Amino acid sequence: MAMLFPGLGHLVLRRWGRALLWHLTIVAGGVALFAFYDVTVGGSITAPAEAAEAAASLPTDVTVSIVLLYGLSAIDAYVVGRADAAARERTDATVEAIRRRAASADETDGAGDEASGSPSPVAAVTGSSDEPAEVECPHCGKETDADLDFCHWCTEPLPWADEE
């Protein structure tokens, strides 16, 4: 998407600031290069053959620089998209792990295994009777209290905060 129109890849990712920054960088860079190399743009280009002639008449330095900016924009959009996908996967994995722990704690709690002397899975979920459970924050990776709706290290909302 970023190769079709400068900043379009970032718009799809809902990164408005980056989209605007890349678009303005490529457009301003193109205008600056055209002014620096005294490239004149004459008339309107209506046919594909005229567009090919106009592109061939551009100095190589201008063409390479603009193509390089387009490529960097596309690479940045790809990297940002991969980082967003990885963050979503970490969040989903954390939520699923907490759901599994809570489900196993509920099943064992109802089965009446306290008489066997084995530690209760509820204690594994909630920690000891005095301290709350600690889970890994999907945003910063530090241990945080599972009873909170946000990570007290990075102040990002935890994924299960909205479910309650």
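Is Phe36 buried or exposed in this predicted model? Phe36 has a relative accessibility of 65% and therefore counts as exposed, a point taken up again in the second close-up.

**Close-up 1. The largest nonpolar core draws on helices α2 and α4.** Seven residues make up this core, namely Trp22, Ile26, Leu33, Val62, Ile66, Leu69 and Tyr70. Helix α2 (16-36) and helix α4 (60-111) each supply at least two of these residues, and the largest share, four residues, comes from α4. Within this view, Leu69 is in contact with Trp22, Thr25 and Ile26 when its neighbours within four places in sequence are left aside. In soluble globular proteins, nonpolar side chains tend to be buried together.

**Close-up 2. Phe36 and Tyr37 form an aromatic pair.** The structure holds one aromatic pair, and in this pair the rings of Phe36 and Tyr37 are arranged edge-to-face, with 5.2 Å from centre to centre and 90° between the planes. Phe36 is exposed at 65% relative accessibility, whereas Tyr37, with a relative accessible area of 32%, is partly exposed, because that value lies between the 20% and 50% cut-offs.

**Close-up 3. His10 is a buried residue of helix α1.** His10 lies in α1, which spans residues 8-12, and its relative accessibility is 0%, so His10 counts as buried. Not counting residues up to four places away in sequence, His10 touches Arg15, Arg18, Ala19, Trp22, Ser73, Asp76 and Ala77. One of these contacts, Trp22, also belongs to the largest nonpolar core shown in the first close-up.

Notes: Residues are numbered from 1 along each chain as its sequence is written. This is a predicted model: local features need pLDDT of at least 70, side-chain atom pairs count only at pLDDT 80 or more; totals for chains, interfaces and linings use all residues. Side-chain values use heavy atoms; hydrogens and water are left out. A nonpolar core is a set of buried Ala, Val, Leu, Ile, Met, Phe, Trp, Tyr and Cys residues joined through side-chain atoms within 4.5 Å. Buried means under 20% relative accessible area, exposed over 50%, partly exposed in between (1.4 Å probe, protein chains only). Helices (H or I, at least four residues) and strands (E, at least two) are DSSP runs, numbered from the N terminus. Contact means heavy atoms within 4.5 Å. Rings of Phe, Tyr and Trp (its six-membered ring) pair if their centres lie within 6.5 Å; planes under 30 degrees apart count as stacked, over 60 as edge-to-face and the rest as tilted.
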